[in-house]
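Colleague: Could you take a close look at one part of this model for me? I'd like to hear how one helix sits against its neighbours, and what else you noticed on the way.

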Amino acid sequence: MKEIVYTQVYRIISAVTAVSFFLPVIILLVKRMWKHREFTWFACYWLIGGIINLIDILGLADTIGGSWVNRAYNLFEAPFMLTVLYFTSQNKTIRKALIRVFVIFMTAELLTTSITRLHAITETVMVGLGTLIILTFIIWEIISYLVKIEHSHFEKVMQFVYAGLIFEYGISIITFIFSYIYPPPPNKDYTDNYILYDISIIITIALASWGFISYGEKQKKPPQKPPARKRNKDEEFMFI
């Protein structure tokens, strides 16, 4: 009985996750916010993740083509996120660091992949290293926002996005450990890891979506004109 309930809960969470991946793009289209480059980059990141997730849901991950697509995504997710962070960061120091790390990481990844022919150990090392690098830059971004005394509305929205991402990549470290380094025994599957990952995605996209919606509502409100200043009697006497 418990296994049946557990399976049903997993299916519900998987379905919610599958829809969540496409939610940021839908919000940008409905709110007509696709001109905001920063939001569009993050929405595209989750859109690609949603497409890869559909491959798993449709059972195509077990095919040769689906398996290679999944492995390629695992390897190039970190470089793509580095690109997203570069085009969305407002900090020049972080942007410079992102360029250097991107070049070094991509070079190392391409060399090791070509030499080892995408060996499982190579994939494990590069995925783990990429996750740590992304998590480091996200923490750096959050710290750069926190040290400011005042924040614009856009910066407040980005804090929602980065808060979600730090949660997602923090959970990714845990799922990485129990998927690659300490995988479950042969008689068990990866369902626990999948549920944990799916929940992190749902929370992450919920935070980012709330930020997108709040920014869109703020943009709709027309700027309020300052109230007309009334003259006092002394000013009227001086004017006469």
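Modeller: One cut-off first: helices whose axes make an angle over 145 degrees count as roughly antiparallel. Keep in mind too that this is a predicted model.

Let's take helix α6, residues 120–146, and its contact with helix α7, residues 153–181. Their axes cross at roughly 155° and come within 9 Å, so α6 and α7 are roughly antiparallel to each other. The crossing of this pair is left-handed. As for what lines the contact of α6 with α7, its residues split into 17 nonpolar, six polar and three charged.

α7 also packs with α4, at an angle of about 165° and with the axes 14 Å apart. By the cut-off above, α4 and α7 are therefore roughly antiparallel as well. Here too the crossing is left-handed, with α4 passing α7.

Back to α6, because there's a polar link to α4: glutamate 123 sits in α6 and arginine 71 in helix α4, residues 64–88. Arginine 71 and glutamate 123 form a salt bridge, and their closest N and O atoms are 2.8 Å apart. The count of salt bridges comes to one. The pair ties together parts that are 52 residues apart in sequence. Glutamate 123 has 7% relative accessibility, so this residue counts as buried.

Further along α4 you run into the loop between α4 and α5, and glutamine 90 has its place there. With 45% relative accessibility, glutamine 90 counts as partly exposed. The C-alpha atoms of glutamine 90 and tyrosine 145 are 9.6 Å apart, although their positions lie 55 residues apart along the chain.

On the way I also looked at helix α3, residues 37–57. Its 21 residues reach 30 Å from the first C-alpha to the last, close to the 30 Å expected at 1.5 Å a residue. The buried residues of α3 include Phe39, Phe42, Ala43, Tyr45, Trp46, Gly49 and Gly50. Ile52, Asn53 and Ile55 are among the buried ones too. If you want to read that list by helix face, remember that an α-helix has 3.6 residues a turn, so residues three or four places apart point the same way. Just after α3 comes glycine 59, with a positive phi of about 80°.

How values were computed:
Residues are numbered from 1 along each chain as its sequence is written. This is a predicted model: local features need pLDDT of at least 70, side-chain atom pairs count only at pLDDT 80 or more; totals for chains, interfaces and linings use all residues. Side-chain values use heavy atoms; hydrogens and water are left out. Axes are lines fitted to C-alpha atoms, for helices over the stretch in contact, and angles run from 0 to 180 degrees between N-to-C directions. Helices (H or I, at least four residues) and strands (E, at least two) are DSSP runs, numbered from the N terminus. Angles under 35 degrees count as roughly parallel, over 145 as roughly antiparallel, 65 to 115 as roughly perpendicular and the rest as oblique. A crossing is left-handed if the near helix is turned anticlockwise from the far one by less than a right angle, and right-handed if clockwise. Ala, Val, Leu, Ile, Met, Phe, Trp, Tyr, Cys and Pro count as nonpolar, Asp, Glu, Lys and Arg as charged, and the others, Gly among them, as polar. The expected span of a helix is 1.5 Å times one less than its number of residues. Buried means under 20% relative accessible area, exposed over 50%, partly exposed in between (1.4 Å probe, protein chains only). A salt bridge is a side-chain nitrogen of Lys or Arg within 4 Å of a carboxyl oxygen of Asp or Glu.
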